[in-house]
Amino acid sequence: MSQQGYVATPPYSQSQPGMGLSPPHYGHYGDPSHAPSPPGMVKPAGPLGATNPGAVLPPGAPPPGPHQFGQNGAHASGQPPQRFPGPPPVNNVAPSYAPYQPSTQPSYLPPEATSSVTHLGTQLSAMQINNYASGMTPPSQGSPGPLSATSFQGPPRPPQPSILQPGSQVLPPPPTVLNGPGAPPLPPTAHRQEGLPGPVPLSAQYQPPPPPGQTLGAGYPPQQANYGPQMAGAQLSYLGGFPTGPSQMAGPPQPQKKLDPDSIPSPIQVIEDDRATRGGQVYTTNIRGQVPPIVTTDCVIQDQGNASPRYIRCTTYCFPCTSDMAKQAQIPLAAVIKPFATIPSNETPLYLVNHGENGPVRCNRCKAYMCPFMQFIEGGRKYQCGFCNCINDVPPFYFQHLDHIGRRLDHYEKPELSLGSYEYVATLDYCRKNKPPNPPAFIFMIDVSYSNIKNGLVKLICEELKTVLEKLPKEEQEETSAIRVGFITYNKVLHFFNVKSNLAQPQMMVVTDVGEVFVPLLDGFLVNYQESQSVIHNLLDQIPEMFADSNENETVFAPVIQAGMEALKAAECPGKLFIFHSSLPTADAPGKLKNRDDKKLVNTDKEKLLFQPQTNVYESLAKDCVSHGCSVALFLFPSQYVDVASLGVVPQLTGGTIYKYNHFQMHLDSQQFLKDLRNDIEKKIGFDAIMRVRTSTGFRATDFFGAIFMNNTTDVEMAAMDCDKAVTVEFKHDDKLSEDTGALIQCAVLYTTIGGQRRLRIHNLGLKCSSQLAELYKSCETDALINFFAKSAFKAVLHQPLKVIREILVNQTAHILACYRKNCAGPSAVSQLILPESMKVFPLYMNCLLKNCVLLSRPEISTDERAYQRQLVMAMGVADSQLFFYPQLLPIHTLDVKNTELPAAVRCSESRLSEEGIFLLANGLNMFLWLGVSSPPELIQAIFNVPSFAHVNTDMTLLPEVGSPHSQQLRMTMNLLQQKRPYSMKLTIVKQREQSEMVFRQFLVEDKGLYGGSSYMDFLCCVHKEICQLLN
Ligand SMILES: [Zn+2]
């Protein structure tokens, strides 16, 4: 892996040029231009935008550098006109926003780590020898070690809860040490008391089993009195303890021929354990820095002063007090924010606060919004800002007396005083040109070139629109949608349609000058669907006929977006373009593209070119779109290379979504496409959005990842933001943090609702701070960490060689774990791999990220597919990235037809499949039903209504509706998996030992990748080796 040695903390390399690793050139991965602003700087003020009069700009804030402009590096200058004055009318009901997200696939690793099993044995034993050789003294037990650890040694046993003392900073490690095969189960570890409620990390250590027949002496130092009883006879010293017997001195143990895969940490176990302890319960957000249930656990969330984890999840819920500590641990400090996340119906939707023309109450200095972190003083006449500590006067209209504990008497009546999340009605100050916004519009833009007509796609779209337009999103209290609609078709020219309600027939206007697109009609282009329904249906019936004889193969693309954006601009409303496109736009027009797919670039320093757009036309177009609140949803139907890296720029930077249906076949793929289209049209969405993340003193947001656009360093702009999109925000210290006050985050999103109301959505989250590394590790969330690493790496691929990025990821993984090992874990031999309880499956998930086709440099994988997956992941929330990188694999042959709950998943490895079994795999983008060659015929009959395996037709994407309980149960299971996922998953039927199994196998992410990428076991060995080097 990295030849460069460690020391060099990549994530911090930008702030410390010259340190460690050769300074890479981008963002996380070391963009020298990404200099943080000077320490101690005042956080910028301003509502959300820098345009707020009176806003204090950060003194000495760095001028925007290229890194500040969104993931595609779109440059922008100038500030879009923005928000200000006047109270719009309001209703009292908060909009209930909804839903979720997606993903697909796996495979990496350096050739070094190949033959798995043996490696572990030999490597580990080699370490051991080192130990002896170096004459090390037994590790002292006195070292402060907190917490739970999972250490890697032999077959697992159930984790033992360990409880810490109050004030638990420095405690001996409660790791449980595992024994070799055949060892008697260990009694529960000794317990310590901890004052805090809530689950405490468990600990378990794993050890590769010793060679058969080898008996090992007690490995632990006597101080481990706690574990005394367990140690007796059970301890594996060969890995765990320090040398005790001459037999060990004799040399390394025999290499293990086969290491039990059950002995390495299992993600299924982690998921099931969390479900068992926290599933189905009510999780209240009243405690600062509390680690929420993981994303795979269903529970009811009750807002009691901090934002629900549905809105914000963090890589760790306890920040280190100093930047030195942060650098030492190298755990990224980040939040994954999904401001419009769907809230289940059994949880309370956001309250809407309306202060009329007074507008929201805000801190005079930092402009943070009133929230539970503001402290009222002086009898309620003043309040101290929790973010910047400024003492503010309470505006007269907002005055309220305090009770005996200094809390306002109306504390529980005001959402902004007692809840983590709520909305404010924005005044005209927050509107463009100080005018209330117009309701948004949707424009449907259909590629009517030859192939789309011929394969029936145009007809399909037109038919579907008739239905789906009935379901345009609307405000809950409204009867009809306020959204207006418009229609354009195109090939190498554009056709606008007048569908005004009083027309008998729609009228078409052709724009042939695609170099300088103008909108040929204003009146009659954007209409209310209900009013113009008959003209619209008439149009949708005619479109497929109109172009039936067209032989036009060439298309334009940039002018299409331009036309939609100009139409919205002319109508002075935000909106969304739905573009249905199939080919590389080769017609002579702005944004014309050539086929530049060059597999020879793969695995070279120029590979990054494949991810970059081939022209800057799309970036500047995206910038215009954002400044006019125009979001783009792109439905692609490619039959060959279409340059997703270029076509995807605008959707990517405007908060839009890309959908891709390769080699679209009407009979197989139409359902998937139609579900996606319906979902995209109906989903909850906010328009013309701008997000600002404020923090308490001592740290600040430094980097942003998502389907976003940034004109400056602080304002995250999104032409639209829907319920599935998440922005990942990284924080860095600019001073010390205090354990007393913690680290506070406030995310404010100013946006326009589907009904045309300007609102502010506020999410507040308080985190703990600690000067103990152990606390930091204890509070980590692996799923959020992987989301962060995926986005930072996928952003970096635009600018850096993939090899460097992979090395950095591996190095950082090893570094994070080595730091834990050195500072937090209990004493044990260096040869032992010990993982923090909260990060047990971190190496596994990291390996899955490394094996993803984006980071895996393999010519076998389509360039478009890689660009597509890169763009998808950039906008994902934590639940979707978790599923994307580690698919769910469910045994179907053991389904209990009486139980409506999902069956427990099994690990994604071929070793978990069986010839007699049927398995369902889903990753958010794809679904596979795998049939073992000896699948029970009665089950095949029940599911497919055919007599045997051989009769099953794999050319289907929908299961037949057989009336059997198994069929119903399976289809219900598939629906459950699909729920809450932003992309409709296409079902593929796979028969064991048939060609199509190759594709399926790429998703068995614990195994060695088809196109390279190591197995979980190999990767663990590789990481372990790196850790040992670091520790030495
Ligand atoms: Zn303030």
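Student: Which protein atoms are the donors of the zinc ion, and how far from it do they lie?
Tutor: In this predicted model, the protein donors of the zinc ion are sulfur atoms labelled SG, contributed by Cys 363, Cys 366, Cys 385 and Cys 388. Along the chain these donors follow the spacing C-x2-C-x18-C-x2-C. The distance at which the donors lie from the zinc ion is 2.3 Å.

Student: What arrangement do the four donor atoms make around the zinc ion, and why?
Tutor: For four tetrahedral donors, the ideal angle at a metal is 109.5 degrees. Four donors are counted as tetrahedral if all angles lie between 85 and 135 degrees. Here the four donor atoms subtend angles of 101 to 116 degrees around the zinc ion, and therefore the arrangement is tetrahedral.

Student: Are Cys 385 and Cys 388 buried or exposed?
Tutor: The criterion for a buried residue is a relative accessible area under 20%, whereas an exposed one has over 50%. By that criterion, Cys 385 and Cys 388 are both buried.

Student: In the open sheet of four strands, which strands stand at the edges, and why is one side of each left without a neighbour?
Tutor: The open sheet has the strand order β32-β33-β34-β35, with mixed pairing. Because each edge strand has a single partner strand, one side of it is left without a neighbour in the sheet. From one strand to the next, the twist averages 20 degrees. The edge strands are β32 (888–891) and β35 (986–991).

Student: How many bridges join strand β33 and strand β34, and in which sense do they pair?
Tutor: Strands of a sheet pair through backbone hydrogen bonds, in either a parallel or an antiparallel sense. Within this pair, formed by residues 918–922 of β33 and residues 926–931 of β34, Ala 922 stands opposite Met 927 in β34. The strands pair over five bridges, and the sense is antiparallel.

Student: Where around the axis of helix α21 are its buried residues placed, and which elements do they pack against?
Tutor: The buried residues of α21, which spans residues 937–944, are Leu 939, Ile 940, Ala 942, Ile 943 and Phe 944. They cover an arc of only 165 degrees around the axis, so they are on the same side of α21. The elements against which these buried residues pack are β33, β34, α22 (965–978) and β35.

Student: Which residue just after α21 takes a positive phi, and what is its value?
Tutor: The residue to examine is Asn 945, which comes just after α21. The phi of Asn 945 is positive, at about 60 degrees.

Definitions and conventions. Residues are numbered from 1 along each chain as its sequence is written. This is a predicted model: local features need pLDDT of at least 70, side-chain atom pairs count only at pLDDT 80 or more; totals for chains, interfaces and linings use all residues. Side-chain values use heavy atoms; hydrogens and water are left out. Donors are N, O and S atoms within 2.8 Å of the metal (3.2 Å for Na, K and Ca); water is not among the atoms, so sites may look incomplete. Four donors count as tetrahedral if all angles lie between 85 and 135 degrees; four count as square planar and six as octahedral if opposite donors are over 155 degrees apart and all others between 65 and 115; anything else is irregular. Buried means under 20% relative accessible area, exposed over 50%, partly exposed in between (1.4 Å probe, protein chains only). Two strands pair if DSSP finds at least two bridges between them. Helices (H or I, at least four residues) and strands (E, at least two) are DSSP runs, numbered from the N terminus. Axes are lines fitted to C-alpha atoms, for helices over the stretch in contact, and angles run from 0 to 180 degrees between N-to-C directions. The arc is that of the directions from the helix axis to the C-beta atoms. Contact means heavy atoms within 4.5 Å.
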